[in-house]
Amino acid sequence: MFDNFVDEMKWRGFFEQCTDEEGLRKLLAEEKVTGYIGFDPTADSLHVGSLLPIMGLVHLQKYGHRPVGIVGGATAMVGDPSGKSELRQMLTLEKIEENLDGIRQQLSHHIDFGEDAGLMLNNADWLKDYGYIEFLRDVGRFFSVNQMLSRDSVKSRMVKGLSFIEFNYMILQAYDFMVLNRDHGCRLQMGGNDQWGNICSGIDLCRRFNQSRVFGLTFPLLTTATGAKMGKTADGAVWLDPARTSPYDFYQYWVNVDDRDVSRFLRLYTLLGRQEIEELEKMQGADIREAKKALAREVTSQVHGQEEADKAVQAAAALFSDSADTSSVPSSQRPAADFEGDGLSLLEALVDSGLMKSKGEARRMIRQNAVRVEGELISEEMFSITSDLIADGKVALQVGKRRHHHIRIS
RNA sequence: GGGGGGGUUCCCGAGUGGUCAAAGGGAACAGACUGUAAAUCUGUCGGCAAUAGCCUACGGAGGUUCAAAUCCUCCCCCCCCCA
């Protein structure tokens, strides 16, 4: 398959820009390289957007190098202007601490942080108590405002406005790189292409501070074939935390990707080998669904584990194929008594199953012929689910083609 | 500090006293068509209520008015120019 990191990254489509490809190749061939990526603790979970950098670290580790995940406990208090159009909300210290824990845990699903294998660090450790004056004297003197102003990340914000605190972000990130280089021998920083400017600043700082030659590699900023941001659905982001996005929904997200995205995503988000992926890429027409299933199964398994992935596959088979095993379909419990007499209002059932956000929405959906109970199209808004509809100890609700929920009778 | 321009529903953006739950676009959801895909066409798109209607919403707090997103006062935030 591949015998080095760079070739594989290129083939997989991770390679957007590199500060010195030849130099990096040489370095990676000669020694165990420590490379890092920063993650912002803006929430207590990462989402699909962060999966790309995570995979970057995974591949790095696969080739025997040492990945470092940095959570930006300190920088989160500042807010990165790169690629954002507006001032980011600032977070409280406690919130950031909370978020850090969540992210740390998630990263450890993918990366081995044991012994000398990998590292997980919080930049608050070296930034939080740094005094303003000292920092200016030690670090600030290496930065040229002229150069900072010429960075795209700053330029693009000149119209909307950029606060001074955000303007400092690149200095802090550069400083992170310098510290990692000095204290942990880190020679490589990776990140989304919007980080290019920040990474370059860090490289400069490492040279000036540590007389050390370091490298930067950026990944493409992904959008889906329809131009949407990666990992967005009706309900917002697709999270890695199963409490926020269930493994079932997570699996569904990948099964439903656009045909045109399948190949790219297989390469970027799965660890499947080249041969296997190239086989899947040959699929045409409706068969592409098989490739999507492979994609969904792989990614779900990486993020939520084999067992959850199997359940998601099983649920999908029950709902969309012929399998009779419905045990893994998303469901909730209801006592049998709810269905006696007049039965349970369908509107209510739709709302508290989570299929609909409000009764008004539920009404509209019924009017639009989108709702089915046990496979039967319902056109009566005031429909009640009565006990005679219970089959196999459950009632199957369906909205549209792909949203399903079973009410189990307890 | 002075002058000017702004803050509208998920996003962009119209709206300057009633006809505004608010044009238009995007996103999203649903229907038809399909392959749990795309494209296309159609519909929906604040909450509660069977209808009537009621409530919440146009940066915040007050006020004028029968009636305010629209007028007045104070406050907060953003952008631009000058100092």
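Begin with the open sheet of this predicted model, in which six strands follow the order S1-S6-S5-S2-S3-S4 with mixed pairing; strands here are DSSP runs of E of at least two residues, and helices are runs of H or I of at least four, both numbered from the N terminus, while two strands count as paired if DSSP finds at least two bridges between them. Select residues 17-18 and then 119-122 to see the edge strands, S1 and S4, each of which pairs on one side only.

Next, select residues 66-71, which make up strand S3 and pair with S4 in the parallel sense over four bridges; here Val-71 stands opposite Asn-122 of S4.

Now add residues 196-210, helix H11, which lies across S1, S5 (186-192) and S6 (215-219) and runs at about 170° to S6. Such angles run from 0 to 180 degrees between N-to-C directions, with axes fitted to C-alpha atoms, for helices over the stretch in contact, and contact means heavy atoms within 4.5 Å.

Then colour chain A by its domain assignment, automatic or from a database: domain 1 (5-219), domain 2 (232-320) and domain 3 (331-409). Between domain 2 and domain 3, whose C-alpha centres lie 28 Å apart, five residues of domain 2 are in contact with five of domain 3. The two bury about 380 Å² between them, 55% of it on carbon and sulfur atoms, where buried area is the accessible area (1.4 Å probe) lost on putting the parts together, summed over both. Select Asn-256, Leu-319 and Phe-320, which supply 76% of the area that domain 2 buries against domain 3. Across this interface the rule finds zero salt bridges (a side-chain nitrogen of Lys or Arg within 4 Å of a carboxyl oxygen of Asp or Glu).

Residues are numbered from 1 along each chain as its sequence is written, and chains are lettered from A and ligands numbered from 1 in the order in which they are written. In this predicted model local features need pLDDT of at least 70 and side-chain atom pairs count only at pLDDT 80 or more, whereas totals for chains, interfaces and linings use all residues, and side-chain values use heavy atoms, leaving out hydrogens and water.
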